[in-house]
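Subject: Structure handover

Dear colleague,

I am passing a structure on to you, with the sequence and the coordinates placed just below. After them you will find my notes on what turned up when I went through it.

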Amino acid sequence: MALDTQAIIDQLKDASILELNDLVKAIEDEFNVTAAAPVAAAGAAGADDAAAKDSFNVELTEAGQEKVKVIKEVRSITGLGLKDAKGLVDSAPANVKEDLSEDEANKIKEQLEAVGATVTLK
């Protein structure tokens, strides 16, 4: 069975972020793999271990009891439409925003926690 690589790529181009997220999760589950980027090995002895992390991802771990409020807050933060914001909240744990400064990430974390969500910075 030959794969039509271009047809697959064309389908992926038309997919929403949530559909792509669901696809990645399904592939991870089916093949028992992870799409997470590999973590660099620790530096050599004597290397500067105090290097600060310069970008953070805000992960919605759980929506909590006030799911509607969390969906509204996710919409406000991301600019997603209602359907996509709900899909993101329903698929928790999921990244709400990526590659943020520590201050930006903490601000978003506070916003989401204020409406009852559980959030992790990665």
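A residue is called exposed when its relative accessible area is over 50%, buried when that area is under 20%, and partly exposed in between. By that cut-off Asp 99 is exposed, because its relative accessible area is 58%. Asp 99 belongs to strand 2, and it has a positive phi of about 55° although it is not a glycine.

Please keep in mind that this is a predicted model. The chain has a mean pLDDT of 82, with 85% of its residues at 70 or more. Over residues 44-50, however, pLDDT stays under 50, and the model gives this stretch zero contacts beyond four places in sequence. Where pLDDT is low, the predicted coordinates should not be read in detail.

On the backbone, most residues other than glycine have a negative phi, and most peptide bonds are trans. Besides Asp 99, a positive phi is found at Asn 32, where the value is about 50° although this residue is not a glycine either. Asn 32 sits in the loop between helix 2 and strand 1 (56-62), and it counts as exposed because its relative accessibility is 72%. The peptide bond from Ala 92 to Pro 93 is cis, with omega near 5°, and Pro 93 is placed in the loop that runs between helix 4 (82-90) and strand 2 (94-100).

Pro 93 also appears in the surroundings of Glu 59, a residue of strand 1. Once neighbours within four places in sequence are set aside, Glu 59 is in contact with Pro 93, Ala 94, Asn 95, Thr 118, Val 119, Thr 120 and Lys 122. With Lys 122 there is a polar contact from side chain to side chain, at 3.4 Å. Is Glu 59 buried or exposed? Its relative accessibility is 13%, and therefore it counts as buried.

As for salt bridges, the count comes to five. One of them joins Lys 86 to Asp 90, with the closest N and O atoms 2.7 Å apart; both residues lie in helix 4, four residues apart, which is about one turn of the helix. Lys 86 counts as partly exposed at 38% relative accessibility, and Asp 90 is likewise partly exposed, at 39%. These two residues are linked with Lys 67 in a network of salt bridges. In helix 5 (residues 102-114), Lys 109 and Glu 113 are again four residues apart, about one turn of the helix, and they form a salt bridge whose closest N and O atoms are 3.6 Å apart. Lys 109 is partly exposed, with a relative accessible area of 24%, as is Glu 113, with 37%. A further salt bridge pairs Lys 69 with Glu 66, and here the closest N and O atoms are 3.9 Å apart.

Lastly, there is a nonpolar surface patch of about 640 Å², made by Leu 3, Ile 8, Leu 12, Leu 23, Ile 27, Phe 31 and Val 33. Helix 1 (5-14) and helix 2 (17-31) are the elements that give two or more residues to this patch, and helix 2 gives the most, with three residues. Leu 23, which lies in helix 2, is partly exposed, with a relative accessible area of 37%.

With best regards

Terms used. Residues are numbered from 1 along each chain as its sequence is written. This is a predicted model: local features need pLDDT of at least 70, side-chain atom pairs count only at pLDDT 80 or more; totals for chains, interfaces and linings use all residues. Side-chain values use heavy atoms; hydrogens and water are left out. pLDDT is the predictor's confidence in each residue, from 0 to 100. Contact means heavy atoms within 4.5 Å. Patches are made of residues with over 30% relative accessible area and no salt bridge: like charges are joined within 9 Å, nonpolar side chains (Val, Leu, Ile, Met, Phe, Trp, Tyr) within 5 Å. Accessible areas come from the Shrake-Rupley method with a 1.4 Å probe; for residues, only the protein chains shown count as cover. A salt bridge is a side-chain nitrogen of Lys or Arg within 4 Å of a carboxyl oxygen of Asp or Glu. Buried means under 20% relative accessible area, exposed over 50%, partly exposed in between (1.4 Å probe, protein chains only). A polar contact is a pair of N or O atoms within 3.5 Å; within protein, one must be able to donate a hydrogen and the other to accept it, and residues adjacent in sequence count only if both atoms are side-chain atoms.
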